[in-house]
Amino acid sequence: MKTRDLLQGSPEWLAYRAGHFNASDAPAMMGVSPYKTRAALLREMHTGVAEPVDAGTQKRFDNGHRLEALARPLAEEIVGQDLYPVTGSEGRLSASFDGLTLDETIGFEHKHLNAELKALFAANGDAMDGSQLPAMHRVQMEQQLMVSGAERVLFMTSDWDHGGNLIEEHHCWYRSDPALRQRIVDGWAQFAAE
């Protein structure tokens, strides 16, 4: 993996993303994103013109980065190693990691706790594993594993109050799914052809 010294959200990071197939866009490419259609992603990548980020979406992004930073020390305790946020690429595939260990064997992906994730963890308890997560999260993490060569990803979902106090946290491990990986590889190849 080739690492990039880019601050997520910066103009340089956005310019870099424009030339790569990004893990966070993989769910849209695969048709499993609730936020962007495949057609919208095709149009965006073909024209280089992205839909402007409205105030509500920007607030969601900013809050996500805040929660991710708050959760990283918890993740480091579980992993037993430091995690650093980094952007990396392998060929045209790219990923912006919420965290990666220095030896690049373990990744970290954080999402804000929502009703769907809360119910999923409640229903599965300690038996919860990454294969049970919604497709959009599995697709993103599978591409992260492809880019980094990591063995697994710690998926964490949490909620915090405005003072930075933990309200609730759940986590599980995601390990590679070879069939999903092949569908992503094939999907990006078709996407590039289109």
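These exercises walk through a predicted model of one protein chain.

**Exercise 1. The overall fold**

Find how many helices and strands the protein chain has, and judge how compact the chain is.

Solution.
- Step 1: Count the elements. The protein chain holds seven helices and seven strands.
- Step 2: Put them in order. Along the sequence the pattern reads β-α-β-α-α-α-β-β-β-α-α-β-β-α.
- Step 3: Compare with the globule rule. The radius of gyration is 16 Å, close to the 16 Å given by the rule for 194 residues, so the protein chain is as compact as a globular protein of that length.
- Step 4: Add the extent. The C-alpha trace spans about 45 × 40 × 30 Å along its principal axes.
- Step 5: Look at sequence separation. Take the contacts between residues at least 6 apart in sequence; 65% of them join residues at least 24 apart.

**Exercise 2. Surface and charge**

State what share of the protein chain is buried, and describe the exposed area and the charges.

Solution.
- Step 1: Start with burial. Buried residues account for 40% of the 194 residues.
- Step 2: Turn to the surface. About 10100 Å² is exposed, and carbon and sulfur atoms supply 53% of it.
- Step 3: Place the charges. There are 18 positive and 28 negative charges, and their mean positions lie 5 Å apart.

**Exercise 3. Strand β5 and its partners**

Determine whether β5 is enclosed or open, and identify how it pairs with β4 and with β6.

Solution.
- Step 1: Check burial. Five of the seven residues of β5 are buried, so the rest of the structure largely encloses this strand.
- Step 2: Pair β5 with β4. The two run antiparallel and share two bridges. L100 has G107 in β5 as its bridge partner.
- Step 3: Pair β5, residues 106-112, with β6. Here the sense is parallel, with seven bridges. F108 is matched with L154 of β6, and K111 stands opposite T157 of β6.

**Exercise 4. An unusual phi**

Locate E104 and say what is notable about its phi.

Solution.
- Step 1: Find the residue. E104 lies in the loop between β4 (93-100) and β5.
- Step 2: Name the setting. β4 and β5 form a hairpin with five residues between the strands.
- Step 3: Recall the background. Most residues other than glycine have a negative phi.
- Step 4: Read the angle. E104 has a positive phi of about 60°, although it is not a glycine.

**Exercise 5. Strand β6 and its hairpin**

Work out how far β6 is covered, and describe its link to β7.

Solution.
- Step 1: Check the cover. β6 spans residues 152-160, and seven of its nine residues are buried.
- Step 2: Count the bridges. Nine join β6 to β7 (residues 166-175), and the two strands run antiparallel.
- Step 3: Pick out a pair. S158 has E169 in β7 as its bridge partner.
- Step 4: Inspect the turn. Five residues separate β6 and β7 in this hairpin, and G164 in the turn has a positive phi of about 85°.

**Exercise 6. A glutamate in a helix**

Decide whether E68 is buried or exposed, and name its contacts.

Solution.
- Step 1: Place the residue. E68 belongs to helix α4, residues 55-79.
- Step 2: Apply the cut-off. Buried means under 20% relative accessible area. E68 has 9%, so E68 is buried.
- Step 3: List the contacts. Setting aside neighbours within four places in sequence, E68 is in contact with D98, F108 and H110.
- Step 4: Link back to Exercise 3. F108 is the residue whose bridge partner in β6 is L154.

Technical notes. Residues are numbered from 1 along each chain as its sequence is written. This is a predicted model: local features need pLDDT of at least 70, side-chain atom pairs count only at pLDDT 80 or more; totals for chains, interfaces and linings use all residues. Side-chain values use heavy atoms; hydrogens and water are left out. Buried means under 20% relative accessible area, exposed over 50%, partly exposed in between (1.4 Å probe, protein chains only). Helices (H or I, at least four residues) and strands (E, at least two) are DSSP runs, numbered from the N terminus. Two strands pair if DSSP finds at least two bridges between them. The radius of gyration is taken over C-alpha atoms; the globule rule is 2.2 Å times the number of residues to the power 0.38. Contact means heavy atoms within 4.5 Å. Accessible areas come from the Shrake-Rupley method with a 1.4 Å probe; for residues, only the protein chains shown count as cover. Lys and Arg count as positive and Asp and Glu as negative; His and the chain ends are not counted. The place of a charge is taken as NZ of Lys, CZ of Arg, CG of Asp or CD of Glu.
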